Amino acid sequence: MKKISNVFWWTGALVLFATIFGAAAPKSFERMTANVQSFITSAFGWYYLILVSVIVLFCLVLIASPVGQIRLGKPGEKPEYSTLSWFAMLFSAGMGIGLVFWGAAEPLSHYAVSSPLSEPGTNDALRESMRYMFFHWGLHAWGIYAVVALALAYFPFRRGEPGLISATLKPVLGKYAEGWVGTLIDIIAVFATVVGVATTLGFGAAQINGGLSYLFGVPVSFTVQLVIIVVVTVLFIASAMSGLGKGIKTLSNTNMVLAVVLLVLMLIIGPTMFILNMFTDTIGAYLQNILRMSFQIAPLNEDHRSWINGWTIFYWAWWISWSPFVGIFIARVSRGRTIREFMIGVLLMPSLVSFIWFTVFGASAMNLQMNGAADLTQYATEELLFAVFNELPWSQLMSIIAVFLVAIFFVTSADSATFVLGMQTTHGSLTPPNSVKLTWGIAQSSIAIVLLYSGGLQALQNALIAAAFPFSFIMILMMVSLYRAFTDEQNEMRRQAGRRPLM
């Protein structure tokens with residue numbers, strides 16, 4: 001128990017308070033999170049857009065600058081994994097419940113329900129739908145992950161610091177990084193991670209419920225989703241407590257195979273030429289409009305501003321809240337890579353996978369809607385993917401694969417998160433006690449249950465935006481910290497080469 005830090009106790013108390021409050025007064029909890037979400041998106045929407053755009057620019061500058069040759073490890077250290085294995089693990093990190101949950105639902109919503117700029121149901125709305133889908137799941141999302149992952153790889157592997165968020169800020173905070181300021185930073189990071197993972201678990205439970213409803217007529221209700229969360233919680237806690245890494249590796253590999261099988265089936269059975277043409281056209285439109293979309297806040301159009309708040313700002317908050325969790329995973333598998341290799345791999349490969357996935361499932365859904373084969377807008381978000389399958393051959397098979405895919409993602413994501421949270425609350429220990437992992441496993445599931453109980457998917461989104469906001473300021477400090485560390489390292493390299501320091 002000596003390994004447990006103050007971060008564990010403070011964050012645990014915060015999560016316990018939120019759980020009790022949400023369970024005892026769900027309406028008040030939902031109203032409170034809605035008010036916080038409304039305030040942040042209204043008052044700081046511009047801040048999110050500028051921050052995430054600066055993050056992407058920061059990543060691109062690192063690729064082009066001499067800093068890119070610095071290795072994430074000791075000088076001369078080789079990568080721990082082959083390039084192919086590394087790409088596969090990045091793919092695994094990029095593939096999650098979110099892609100399955102939103103794969104058909106988001107593009108269809110942008111096209112037929114509420115379009116960013118155009119009249120819903122038009123060809124312009126269809127093109128915008130694809131473009132914004134790439135925008136939400138592309139370079140901006142992975143730029144957020146890349147910055148956090150880079151800091152969590154550089155400082156431990158290059159400088160021997162512990163794998164804590166606070167430790168990455170030593171060039172900025174100095175001795176305060178190890179005092180109460182550092183503790184507060186780690187508390188914010190852990191709480192954001194808990195809410196971020198809990199939100200994803202809530203989405204997963206809702207979609208498993210939707211799949212079971214389609215396959216077996218199980219009613220879509222909070223009670224069913226509660227049972228799903230409890231069952232899966234037992235599974236992932238048992239896995240986390242046993243420490244059977246091979247089991248999780250097998251599950252991850254199985255999920256990758258299932259994802260590829262589902263993707264290929266959909267590409268073949270769906271409107272293949274329409275999918276390929278939309279992918280090609282949208283790549284060009286995305287690159288052409290990325291600057292405009294990055295800063296579009298719509299100050300003179302209330303409806304468009306509301307759309308940005310509900311989609312773009314939500315996604316930027318989701319990525320920020322997940323960044324400590326995903327960042328640690330990416331950092332752990334990237335030792336020995338140069339910063340240039342790292343940035344190119346993390347920014348481009350998962351983005352490309354997301355683009356392909358969304359085009360296949362999104363274009364298929366929109367094609368059905370456009371041709372009048374089915375009115376998919378009548379289905380709930382968690383049921384829509386299965387409604388798409390229902391209009392295609394082999395629908396039963398694809399639905400079963402999708403349910404298994406979400407369930408395994410649920411287990412592997414939550415299992416990995418318990419380890420990351422345990423590590424962050426035991427001074428960066430790579431072997432957190434089982435008691436700590438058990439606590440965080442229960443905490444994640446409890447928050448997911450409370451959020452679903454108090455307001456369904458909307459409460460999940462509200463809580464996410466609120467939890468991510470304070471961590472966004474830590475990301476700014478991370479970029480400043482990395483800049484200072486890289487400048488110091490470059491100066492040292494120039495001194496050794498007999499050249500004048502940069503500053």
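**Close-up 1. The lining of the largest cavity.** In this predicted model, the residues that line the largest cavity are A189, V190, T193, P324, V420, L421 and Q424. Two elements, α9 (180-216) and α16, each give two or more residues to the lining of the largest cavity. The volume of the largest cavity is about 30 Å³, and the count of cavities of 30 Å³ or more comes to one. As general background to such a view, rolling a probe the size of a water molecule over the atoms shows where empty space is left.

**Close-up 2. Helix α9 and the glycine that follows α9.** The 37 residues of α9 should span 54 Å at 1.5 Å a residue, and because the end C-alpha atoms of α9 are 53 Å apart, the helix agrees with that expectation. Helix α9 is mostly covered, with 29 of its 37 residues buried. Just after α9, G217 takes a positive phi of about 75 degrees.

**Close-up 3. The two faces of helix α1.** Helix α1 comprises residues 6-24, 19 residues in total, and from its first C-alpha to its last it reaches 27 Å, close to the 27 Å expected at 1.5 Å a residue. The buried residues of α1 are V7, F8, T11, V15, A18, T19 and G22. Seen down the axis of α1, these buried residues fall within an arc of 110 degrees, and they therefore line one face of the helix. On the face of α1 turned away from the buried side are the exposed residues W9, W10, L16, F17, I20 and A24.

**Close-up 4. Aromatic pairs, with Y286 and F355 as one of them.** The count of aromatic pairs in the model comes to 41. In the pair formed by Y286 and F355, the ring centres are 5.3 Å apart and the planes stand at 70 degrees, which is over the 60 degrees required, so the pair is edge-to-face. This pair links distant parts of the chain, since Y286 belongs to helix α12 and F355 to helix α14 (residues 339-370), 69 residues apart. Both Y286 and F355 are buried.

**Close-up 5. A stacked pair within helix α13.** Y315 and W319 form an aromatic pair that is stacked, with 5.5 Å from centre to centre and 15 degrees between the planes. Because Y315 and W319 are four residues apart in helix α13, about one helical turn separates them. Y315 has a relative accessibility of 0% and so counts as buried, and W319, with a relative accessible area of 6%, is buried as well.

**Close-up 6. A lysine over a tyrosine ring.** K175 lies over the face of Y176, at 5.7 Å from the ring centre.

**Close-up 7. Positive phi at A298 and W394.** A298 is found in the loop between α12 (272-294) and α13 (302-332), and its phi is near 55 degrees, a positive value in a residue other than glycine. The relative accessible area of A298 is 13%, which is under the 20% limit, so A298 is buried. W394 lies in the loop between α15 (381-390) and α16 (395-424), and the phi of W394 is near 60 degrees, again a positive value in a residue other than glycine. With a relative accessibility of 55%, which is over the 50% limit, W394 counts as exposed.

Technical notes: Residues are numbered from 1 along each chain as its sequence is written. This is a predicted model: local features need pLDDT of at least 70, side-chain atom pairs count only at pLDDT 80 or more; totals for chains, interfaces and linings use all residues. Side-chain values use heavy atoms; hydrogens and water are left out. Buried means under 20% relative accessible area, exposed over 50%, partly exposed in between (1.4 Å probe, protein chains only). The expected span of a helix is 1.5 Å times one less than its number of residues. The arc is that of the directions from the helix axis to the C-beta atoms. Rings of Phe, Tyr and Trp (its six-membered ring) pair if their centres lie within 6.5 Å; planes under 30 degrees apart count as stacked, over 60 as edge-to-face and the rest as tilted. A charge sits over a ring if NZ of Lys or CZ of Arg is within 6 Å of the ring centre and within 35 degrees of the ring normal. On a 1 Å grid over the protein atoms alone, a cavity is a set of points where a 1.4 Å probe fits but cannot get out, and a pocket is an open set with protein on both sides within 12 Å along at least five of seven lines; lining residues have an atom within 4 Å of a point. Grid points are joined across faces, edges and corners, and a volume is the space filled by probe spheres set on the points.
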